[in-house]
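Biologist: Let us go through this model label by label. I will ask what backs each term, and I want the reasoning kept short.

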Amino acid sequence: MTVFAVEYRYVSEPEQAARLDEVRPDHRAWLRERAESGDLLASGPYEGGGKALLVFQAADRPALDAVLAEDPFAQASLIAETVATAWNPIIGRLADVATV
């Protein structure tokens with residue numbers, strides 16, 4: 001499995017703030033499900049709340065994209081940008097799940 005560092009940048013229009021708050025419980029429930037299944041290794045917002053980091057493991061980029069498409073934030077068009085980079089953690093707790 002490949003480990004991916006995924007950065008989300010949320011929509012920033014003022015009228016979308018209420019929509020983000022409305023969908024956030026479903027988004028977090030989805031994240032918990034992904035963590036329980038083993039796909040999601042870690043996640044959380046950056047300070048300020050406009051961006052987040054999610055660390056996933058997936059077979060490849062198309063498999064990752066399929067999982068990310070299920071995110072309630074993505075389905076509600078609340079993610080302005082997604083940047084996913086294959087990442088090779090070699091030291092620390094996440095090193096055991098990475099393939100070299």
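Modeller: One cut-off comes up repeatedly. A residue is called buried under 20% relative accessible area, exposed over 50%, and partly exposed in between. Keep in mind that this is a predicted model.

Biologist: Why is Ser77 called exposed?

Modeller: Ser77 has a relative accessible area of 55%. The label exposed needs a value over 50%. Therefore Ser77 counts as exposed.

Biologist: Where does Ser77 sit, and what is its phi?

Modeller: Ser77 lies in the loop between α3 (72–75) and β4. Its phi is positive, about 55°, although Ser77 is not a glycine.

Biologist: Step back to the whole chain. How many helices and strands are there?

Modeller: The protein chain has 3 helices and 4 strands. From the N terminus, their order is β-α-β-β-α-α-β.

Biologist: What makes the radius of gyration agree with a compact globule?

Modeller: For 100 residues, a compact globule would have a radius of gyration near 13 Å. The protein chain has 14 Å, so the two agree. The C-alpha trace spans about 45 × 25 × 20 Å along its principal axes.

Biologist: What share of the residues is buried, and what does the surface consist of?

Modeller: Buried residues are 32% of the 100 in the protein chain. The chain exposes about 6,000 Å², and carbon and sulfur atoms supply 51% of that area.

Biologist: How many of the contacts join residues at least 24 apart?

Modeller: Take the contacts between residues at least 6 apart in sequence. Of these, 69% join residues at least 24 apart.

Biologist: What is in the largest nonpolar core?

Modeller: That core has 21 residues. Those with the most contacts inside it are Val6, Tyr8, Tyr10, Leu54, Phe56, Leu64 and Phe73. At least two core residues come from each of β1 (2–10), α1 (17–37), β3, α2 (61–68) and β4 (79–87).

Biologist: Which residues does Phe56 touch, leaving out those up to four places away in sequence?

Modeller: Among them are Val3, Phe4, Val6, Trp30, Leu64, Val67 and Leu68. Arg34 and Asp39 are on the list too.

Biologist: How do you know that Arg34 and Asp39 form a salt bridge?

Modeller: Their side chains meet at 2.9 Å, N to O. A salt bridge requires a side-chain nitrogen of Lys or Arg within 4 Å of a carboxyl oxygen of Asp or Glu. The pair therefore qualifies.

Biologist: Are Arg34 and Asp39 buried or exposed?

Modeller: Arg34 is at 15% relative accessible area, and Asp39 is at 18%. The limit for buried is under 20%. So Arg34 is buried, and so is Asp39.

Biologist: How many salt bridges does a search of the whole structure find?

Modeller: The search finds 5. One of the pairs is Arg9 with Glu81, at 3.3 Å from N to O. This pair links distant parts of the chain: Arg9 is in strand β1 and Glu81 in strand β4, 72 residues apart.

Biologist: What makes Arg9 and Glu81 partly exposed?

Modeller: Arg9 has a relative accessible area of 32%, and Glu81 has 38%. Partly exposed covers the range between 20% and 50%. So the label fits Arg9 and Glu81.

Biologist: Where do Arg19 and Glu22 lie, and how far apart are they in sequence?

Modeller: Both lie in helix α1, 3 residues apart, about one turn of the helix. They form a salt bridge, with the closest N and O atoms 2.7 Å apart.

Biologist: Why is Arg19 called partly exposed, and why is Glu22 called exposed?

Modeller: Arg19 has 33%, so it falls in the partly exposed range. Glu22 has 54%, and exposed starts over 50%, so Glu22 is exposed.

Biologist: Last one: why is Gln57 called buried?

Modeller: Gln57 is in strand β3 (residues 51–58). Its relative accessible area is 17%, under the 20% limit, so Gln57 is buried. The side chain of Gln57 reaches the backbone oxygen of Gly38 at 2.9 Å. Not counting residues up to four places away in sequence, Gln57 touches Met1, Thr2, Val3, Gly38, Asp39, Leu41 and Val97.

Key:
Residues numbered from 1 in each chain as written. Predicted model: local features only at pLDDT ≥ 70, side-chain atom pairs only at ≥ 80, totals over all residues. Heavy atoms only, no water. Buried < 20%, exposed > 50% of the residue type's maximum accessible area, 1.4 Å probe, protein only. Polar contact = N/O pair within 3.5 Å; in protein donor to acceptor, adjacent residues only side chain to side chain. Contact = heavy atoms within 4.5 Å. Core = buried A, V, L, I, M, F, W, Y, C linked by side-chain atoms within 4.5 Å. Rg over C-alpha atoms; globule rule 2.2 N^0.38 Å. Areas by Shrake-Rupley, 256 points an atom, 1.4 Å probe, with all protein chains shown as cover.
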